[in-house]
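Please open the model in your viewer and keep the sequence panel beside it. The tour below suggests what to select at each stop and says what is found there.

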Amino acid sequence: MRQRPTHESEPAATPARGPLSGLAGQFGRPAGLAAKLIGPLLVWRGRRLNPLAVKLLQPRWADRVLEIGFGPGKAIRFLARAVGEGLVVGVDWSEAMVAQATRRNRLYMHLGAVDLHLGCVTALPFPDGRFTRALAVDSFQFWPDQARGLAEVRRVLAEKGRLLLLLRLRRARRGFPRLPGFTEQDLPAVEEMVRRAGFLEVRVERREAGVPVAAVFGTR
Ligand SMILES: C[S@@+](CC[C@H](N)C(=O)[O-])C[C@H]1O[C@@H](n2cnc3c(N)ncnc32)[C@H](O)[C@@H]1O
């Protein structure tokens, strides 16, 4: 596991919000003692989301997959099984999540099939064109600078490489708890941002995973 600097100060493009704090902060960057509870909660919360993400990404044997914001690392494990002799690399800016995901994926890491990094999506420690697929599950809403993050993900994707952002949709801007998240109304702006980052064949599909979900696809 390599250590990378993180970037917390850049403004978010969508949805509008201030710095992460309280419960939102714990979902956006779990830390400290609370992370011991948040980790299992994320596993439960993502029990349908992560398998759906892997299914939609359609990883193939020998793919090199990058996951941003892997949290407790459930999708990492599913992906490692799917790519066989390929490689699954994760980046998450929470030390606690890197530790939990490392425990969960210890065997695959030992085999060299999984590599987990502490870092922020806005400064990815990889050369251009390294990956064939990239995904972020329930994470994009927390990125401090989404346009810059998308540009970084595009940079590390190979030509024709595929992007998947899986977004858990809020039913409305109101409600409790007020976690950052996208509504149906935000989706055109997200789609436009992915297009502006230079991705091709951008499209949004609606799905259900216990909650309404939007899958945003793009191709490098
Ligand atoms: C709500 S959790 C989702 C975890 C996992 N993808 C899942 O669905 O179970 C969001 C995760 O994204 C990570 N994250 C948020 N912003 C990030 C950023 N800018 N760079 C890297 N990781 C980030 C957080 O630390 C957290 O682990």
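**Around the ligand**

Begin by selecting the ligand together with its surroundings in this predicted model: 23 residues surround the ligand, and the closest are G28, G69, D92, V137 and S139. If you colour this shell by residue character, it divides into 12 nonpolar, 7 polar and 4 charged residues.

Next, select V137, where a polar backbone atom is 2.8 Å from a nitrogen atom of the ligand. Moving on to W93, you will find a backbone N or O atom that lies 3.3 Å from a nitrogen atom of the ligand. At N50, by contrast, look to the side chain, a polar atom of which lies 3.2 Å from an oxygen atom of the ligand. How much of the ligand does the protein bury? Taken alone the ligand exposes 600 Å², and the protein buries 99% of that area. If you then display cavities, the largest is the space taken by the ligand.

**A salt bridge to visit**

Side chains of opposite charge can pair when their charged atoms come close. The whole structure contains 11 salt bridges, and one to select is that between R45 and D138, whose closest N and O atoms are 2.9 Å apart. This pair links distant parts of the chain, 93 residues apart, with R45 in helix 2 (residues 34-45) and D138 in the loop between strand 4 (131-137) and helix 7 (146-156).

Notes. Residues are numbered from 1 along each chain as its sequence is written. This is a predicted model: local features need pLDDT of at least 70, side-chain atom pairs count only at pLDDT 80 or more; totals for chains, interfaces and linings use all residues. Side-chain values use heavy atoms; hydrogens and water are left out. A residue is near a molecule or strand if one of its heavy atoms lies within 4 Å of it. A polar contact is a pair of N or O atoms within 3.5 Å; within protein, one must be able to donate a hydrogen and the other to accept it, and residues adjacent in sequence count only if both atoms are side-chain atoms. Accessible areas come from the Shrake-Rupley method with a 1.4 Å probe; for residues, only the protein chains shown count as cover. On a 1 Å grid over the protein atoms alone, a cavity is a set of points where a 1.4 Å probe fits but cannot get out, and a pocket is an open set with protein on both sides within 12 Å along at least five of seven lines; lining residues have an atom within 4 Å of a point. A molecule sits in a cavity or pocket if more than half of its atoms lie within 2 Å of its grid points. Ala, Val, Leu, Ile, Met, Phe, Trp, Tyr, Cys and Pro count as nonpolar, Asp, Glu, Lys and Arg as charged, and the others, Gly among them, as polar. A salt bridge is a side-chain nitrogen of Lys or Arg within 4 Å of a carboxyl oxygen of Asp or Glu. Helices (H or I, at least four residues) and strands (E, at least two) are DSSP runs, numbered from the N terminus.
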